[in-house]
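Here are a few exercises to work through with the model open beside you. Try each task on your own before reading its solution.

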Amino acid sequence: MLFELLTFPLSGPLGGIVWLGEQLLDRATSELDDIQNVQKQLLALQLAFDMGDISEEDFEMQEEELLLKIQAMEEEMEEETETEEFEEFVSEDGLSSFSVVVLD
């Protein structure tokens, strides 16, 4: 307990940065998985069309929907990375600093 109190000025901010990094990684992974799932649906649709299971008209309509979904997801990811803001905190003595990502 005493050791934790003494090292808190160092371990506290580091723990926060690690947690923030894990949260960003989880969010990016889930968004990437969503895009990959839609791409798999697109591939399955192409396979069904090639095998003659669906008509060309149905294929084109479903393909357009899936491509628009992928495009919207990619644009949303780009917007999110552009709107992230960084705040930098500097200690009173000016010797240490760290940055925090502010998510809206």
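**Exercise 1. The bend in α1**

By about how many degrees does α1 bend at F8, and which proline follows within four residues?

Solution. Keep in mind that this is a predicted model. Begin at F8, where the helix α1 bends by about 75°. Then read on along the chain: the proline that follows within four residues is P9.

**Exercise 2. The span of α1**

Work out what span α1 should have at 1.5 Å a residue, and compare it with the distance between its end C-alpha atoms.

Solution. First, take the length: α1 has 49 residues. Next, use one less than that number in the multiplication, because the expected span is defined that way. At 1.5 Å a residue, this gives 72 Å. Finally, check the model, in which the end C-alpha atoms are 68 Å apart, so the two values agree. Just past the helix, α1 is followed by G52, which has a positive phi near 85°.

**Exercise 3. The aromatic pair**

Find the aromatic pair in the structure and classify its geometry.

Solution. A search of the whole structure gives 1 aromatic pair. Its members are F49 and F59, with ring centres 4.5 Å apart and planes at 15°. Planes under 30 degrees apart count as stacked, so the F49 and F59 pair is stacked. Now place the partners: F49 belongs to helix α1 (residues 2-50) and F59 to helix α2 (residues 56-83), 10 residues apart.

**Exercise 4. Cover around the two rings**

Is each of the two partners buried or partly exposed?

Solution. The cut-off for buried is under 20% relative accessible area. F59 comes to 8%, so F59 is buried. F49 has 25% and is therefore partly exposed. For the surroundings of F59, leave out residues up to four places away in sequence; F59 then touches L45, Q46, F49 and I54.

**Exercise 5. The nonpolar core**

Which residues make up the largest nonpolar core?

Solution. Start with the buried residues of α1, which are L20, E31, I35, V38, L42, L45 and A48. The largest nonpolar core has 6 residues in all: V38, L42, L45, F59, L66 and I70. Both helices take part, as α1 and α2 each supply at least two residues of this core.

**Exercise 6. The whole chain**

What is the order of the elements, and what share of the chain is buried?

Solution. Count the elements first: 2 helices and 2 strands. From the N terminus on, they run α-α-β-β. Then turn to burial, where 11% of the 104 residues are buried. The chain exposes about 8600 Å², with carbon and sulfur atoms supplying 58% of it.

Conventions
Residues numbered from 1 in each chain as written. Predicted model: local features only at pLDDT ≥ 70, side-chain atom pairs only at ≥ 80, totals over all residues. Heavy atoms only, no water. Buried < 20%, exposed > 50% of the residue type's maximum accessible area, 1.4 Å probe, protein only. Areas by Shrake-Rupley, 256 points an atom, 1.4 Å probe, with all protein chains shown as cover. Phe/Tyr/Trp six-rings, centres within 6.5 Å; stacked < 30°, edge-to-face > 60°. Bend = angle between axes of the 7 residues up to and from the residue. Core = buried A, V, L, I, M, F, W, Y, C linked by side-chain atoms within 4.5 Å. Contact = heavy atoms within 4.5 Å.
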